[in-house]
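Please look through the structure below with the sequence beside it. The paragraphs that follow go from the inside of the chain to its helices.

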Amino acid sequence: MASQEIETLAQVLARLPGLGPRSARRAVLWLIKRRDTSLGQLRDALEVLQDRLVECTTCGNVDTTNPCAICADPRRDARSICVVEDVADLWALDRARLFTGRYHVLGGRLSALDGVRPEDLSITPLIERVGAGGIDEVVLAMNATLEGQTTAHYIAERLEGMPVRVTQLAHGLPVGGELDYLDEGTLAQALRARRPVA
């Protein structure tokens, strides 16, 4: 049995996404074996992050500066906004380095079952950003779930009549995907979004 302090650290780490109790214990053992370097570095990094962490008032990203590094980057295309549900989605899209514009984080998605209404999300600030002018395109990058698509439809309706092009990420067959392994919803979306060859 480990001491209460070690068990507490393992329990805290086990709450992180992707880590269960066994993986958390392995991480704790790794930190203990390298306590002269790694344990102190982890503590210092967490303390600095806790002191400096802020939410960007422009887009809703989480960073150590406000505005965030993406909003402050002059190389970004300020005329294009990609709307995402969560910061994790923003980070995933930005990691791919395919979108050169700026982002807007909603902070979730509409869900009647969970009681998430439009006023619970950052939709009004998005409409205000577009209404202020200078935006040519809004890319709706919601997840391909019922709630995600409902959210995208609601935002598209709110942007109707504004001088902006509203686009949405393509949905359907993943590269390398085999038809017999795909669910019916993915197949239906792929059929609806079919395009001519050549």
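Which residues does Val130 touch, not counting residues up to four places away in sequence? This is a predicted model, and in it Val130 touches Ile135, Val138, Leu159, Met162 and Val164.

Val130 also belongs to a wider group. Together with Val83, Val138, Leu140 and Ile155, Val130 is among the residues with the most contacts inside the largest nonpolar core, which has 17 residues. Four elements each supply at least two residues of this core: the strands β3 (77-84) and β5 (137-140), and the helices α6 (123-131) and α7 (146-159). The largest share, 4 residues, comes from α6. A second core, separate from this one, has 14 residues, and Cys56, Cys71, Val87 and Ala141 are included in it. As background, nonpolar side chains in soluble globular proteins tend to be buried together.

Next come the helices. Two packed helices are described by the angle between their axes and by the distance between those axes. Take helix α1 (residues 4-14) and helix α2 (residues 21-33): their axes come within 8 Å and cross at roughly 125°. An angle between 115 and 145 degrees falls in the oblique class, so α1 is oblique to α2. The crossing of these two helices is right-handed. On the α1 side, the contact is made by Ile6, Leu9, Ala10, Leu13 and Ala14. On the α2 side, Pro21, Ala24, Arg25, Ala27, Val28 and Ile32 take part. Sorted by type, the residues of this contact are 10 nonpolar, no polar and 1 charged.

Helix α2 also packs against helix α3 (residues 35-52), at an angle of about 120° and with the axes 6 Å apart. α2 and α3 are therefore oblique to each other as well. Here α2 contributes Trp30, Leu31, Ile32 and Lys33, while α3 contributes Arg35, Ser38, Leu39 and Leu42. The residues of this contact divide into 5 nonpolar, 1 polar and 2 charged. Ile32 is listed in the contact of α2 with α1 and again in the contact of α2 with α3.

The last stop is Ala188, in helix α8 (residues 184-192). Is Ala188 buried, partly exposed or exposed? Partly exposed covers the range between 20% and 50% relative accessible area, and Ala188 counts as partly exposed because its relative accessibility is 28%. Ala188 and Leu98 are 90 residues apart in sequence, and their C-alpha atoms are 26 Å apart in space.

How values were computed. Residues numbered from 1 in each chain as written. Predicted model: local features only at pLDDT ≥ 70, side-chain atom pairs only at ≥ 80, totals over all residues. Heavy atoms only, no water. Core = buried A, V, L, I, M, F, W, Y, C linked by side-chain atoms within 4.5 Å. Buried < 20%, exposed > 50% of the residue type's maximum accessible area, 1.4 Å probe, protein only. Contact = heavy atoms within 4.5 Å. Axes fitted to C-alpha atoms, helices over the stretch in contact; angles between N-to-C directions. Parallel < 35°, antiparallel > 145°, perpendicular 65-115°, else oblique. Left-handed = near helix turned anticlockwise from the far one by under 90°. Nonpolar A, V, L, I, M, F, W, Y, C, P; charged D, E, K, R; others polar.
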